[in-house]
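Ready for some practice in reading a protein structure? Keep the viewer open and try each task before you look at its solution.

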Amino acid sequence: MEPFAPSNQKNDASSVWQHPLAEFAPDGIITMDAKGRIIAFNPAAEKMFGYRSDRVIGCRVSEKLIPAALQTAHTNGLANFLVTGQKKMIGRRVEVTAMRADQSVFAAELAVVSVNHRREPLFIAYIRDITGRKKLEKEREQYAVNIKKTLMQTILAASRIIAIRDPYTASHQRRVAHLAAAIARELNCADERIDGVYLGALIHDIGKIALPHDILSRPGKLLDEDVSYLKIHCRKGYEILAPVNFPWPVAEIALQHHEHVDGTGYPLGLRDGEILLEACIVSVADVVESLTAHRPYRPAFSLEEALAFIRKRSGDWYDRQTVEACGALFEKGYSIDAIDMDELTFMSSFVW
Ligand SMILES: [Fe+2]
């Protein structure tokens with residue numbers, strides 16, 4: 001039998017252990033010549049691929065062990081190595097798709113080393129079936145996605161609870177959520193962050209649940225004492241949400257959405273750099289939505305008036321880049337009136 005790792009000296013010590021090493025190795029070990037023909041195939045490879053070694057020795061690796069769609073890439077890679085010596089695959093551990101005798105394919109981890117044998121390059125491939133590991137990884141990924149979906153559904157449930165007690169606030173939050181997520185997208189935030197903005201906005205006023213019903217339902221303009229009472233909703237919202245270990249800063253959004261970048265906001269008087277971008281976005285979406293909505297005690301602002309308002313306050317109350325993104329969004333034709341109020345899912349490519 002040909003040695004798996006040919007030695008220049010016939011009787012040196014390495015030849016004693018090379019053979020059992022290949023015979024009993026848990027990984028497949030396949031030796032190939034410079035033309036890509038198999039010259040040795042160990043028992044682990046036999047088991048993995050479903051071939052007896054005498055059925056593959058002398059055959060090309062590409063014909064027997066590589067799916068048809070990948071054969072050309074393999075042949076070109078080998079040719080490229082032989083001509084240029086460039087080692088795209090050599091010495092690295094890579095994930096590949098391999099093919100069994102019954103033509104089924106499986107994920108494998110592959111490491112190839114090259115050795116010179118009688119002035120000809122020889123390749124020794126170490127190959128491991130990683131089907132089980134891949135399945136486990138996929139299951140873990142799916143589990144994480146399911147947990148995230150459940151957390152999202154929890155937030156949506158909280159939003160529906162608010163709708164029962166205070167339909168106005170619930171509808172306002174949904175409109176703010178849609179606008180805020182669109183601003184976050186305009187700012188090129190990652191999908192994960194857009195989800196956080198959307199979900200945080202959807203319950204940013206959850207703390208209003210702690211307010212007496214007559215303040216929430218008062219038809220006219222709020223009294224001064226009502227306004228100072230209303231201010232507690234940021235902290236209350238934070239207290240409700242902070243104990244939940246959300247992967248998004250929803251509690252912080254509830255706490256910070258009335259902060260101003262010049263420090264004149266509430267409840268903490270945070271300044272630029274201390275306020276989360278997510279809260280800055282919700283803050284801008286909140287004011288644009290509120291101003292353009294009708295109130296019993298004042299007519300709705302036009303969109304132009306609302307945008308003029310946030311631009312006037314840009315850099316002192318509102319974050320400049322968020323104000324710019326909001327303006328750009330409406331210039332591109334975004335319409336706050338176009339929101340489907342029954343739609344509770346904003347399309348983030350990551351989870352939904
Ligand atoms: Fe609020």
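Below are five exercises, each with a worked solution.

The model is predicted: local features need pLDDT of at least 70, side-chain atom pairs count only at pLDDT 80 or more, and totals for chains, interfaces and linings use all residues. Residues are numbered from 1 along each chain as its sequence is written.

**Exercise 1. Getting an overview**

Task: Find how many helices and strands the protein chain has, and what share of its residues count as buried.

Solution:
- Step 1. Begin with the elements: helices (H or I, at least four residues) and strands (E, at least two) are DSSP runs, numbered from the N terminus. The protein chain has 15 helices and 5 strands.
- Step 2. Next comes burial. A residue is buried if 20 or more other C-beta atoms lie within 10 Å of its own, exposed if 12 or fewer, and partly exposed in between, with C-beta atoms placed from the backbone. Of the 352 residues, 31% count as buried.
- Step 3. Finish with contacts, where two residues touch if their C-beta atoms, placed from the backbone, lie within 7 Å. Among contacts between residues at least 6 apart in sequence, 55% join residues at least 24 apart.

**Exercise 2. How do α7 and α8 pack?**

Task: Describe the packing of α7 and α8 by angle, distance and contact residues.

Solution:
- Step 1. Two packed helices are described by the angle between their axes and the distance between the axes. Axes are lines fitted to C-alpha atoms, for helices over the stretch in contact, and angles run from 0 to 180 degrees between N-to-C directions.
- Step 2. For α7 and α8, the angle is about 160 degrees and the axes are 7 Å apart. α7 is therefore roughly antiparallel to α8. The cut-offs are these: under 35 degrees is roughly parallel, over 145 roughly antiparallel, 65 to 115 roughly perpendicular, and the rest oblique.
- Step 3. On the α7 side, the contact includes Gln173, Val176 and Ala180, and on the α8 side it includes Ile194, Val197 and Ala201.
- Step 4. Sorted by class, the contact of α7 with α8 has 10 nonpolar, 1 polar and 3 charged residues. Here Ala, Val, Leu, Ile, Met, Phe, Trp, Tyr, Cys and Pro count as nonpolar, Asp, Glu, Lys and Arg as charged, and the others, Gly among them, as polar.

**Exercise 3. Two oblique pairs**

Task: Work out the angle and the contact residues for α6 with α7, and then for α8 with α13.

Solution:
- Step 1. Helix α6 (residues 131-165) and helix α7 (residues 167-186) have axes that come within 5 Å and cross at roughly 140 degrees. The two helices are therefore oblique to each other. Ser159, Ile162 and Ala163 of α6 meet Pro167, Thr169, Ala170 and Gln173 of α7. This contact of α6 with α7 has 4 nonpolar, 3 polar and no charged residues.
- Step 2. Helix α8 (residues 191-202) and helix α13 (residues 277-292) pack at about 55 degrees, with axes 10 Å apart. α8 is therefore oblique to α13. In α8, the residues Gly196, Val197, Gly200 and Ala201 meet Glu278, Ile281, Val282 and Ala285 in α13. The contact of α8 with α13 holds 5 nonpolar, 2 polar and 1 charged.

**Exercise 4. Helix α13 and Glu278**

Task: Find how much of α13 is buried, and which residues Glu278 contacts.

Solution:
- Step 1. In α13, 12 of its 16 residues are buried. Their cover includes α7, α8, α12 (250-256), α14 (303-312) and α15 (320-331).
- Step 2. Glu278 lies in helix α13. Glu278 counts as buried because it has 27 C-beta neighbours inside 10 Å.
- Step 3. Leaving aside neighbours within four places in sequence, Glu278 contacts Gly196, Val197, Gly200, Pro249 and Ile253.
- Step 4. For contrast, look at Glu304, found in helix α14. Glu304 is exposed, with 10 other C-beta atoms within 10 Å.

**Exercise 5. Unusual backbone**

Task: Find which residues a cis peptide bond joins, and what the phi of Gln103 and of Asn188 is.

Solution:
- Step 1. Most residues other than glycine have a negative phi, and most peptide bonds are trans.
- Step 2. Tyr266 and Pro267 are joined by a cis peptide bond, with omega about 5 degrees. Pro267 sits in the loop between α12 and α13.
- Step 3. Gln103 has a positive phi, near 75 degrees, and lies in the loop between β3 (93-99) and β4 (105-117).
- Step 4. Asn188 has a positive phi near 60 degrees, and its place is in the loop between α7 and α8. With 9 C-beta neighbours inside 10 Å, Asn188 counts as exposed.
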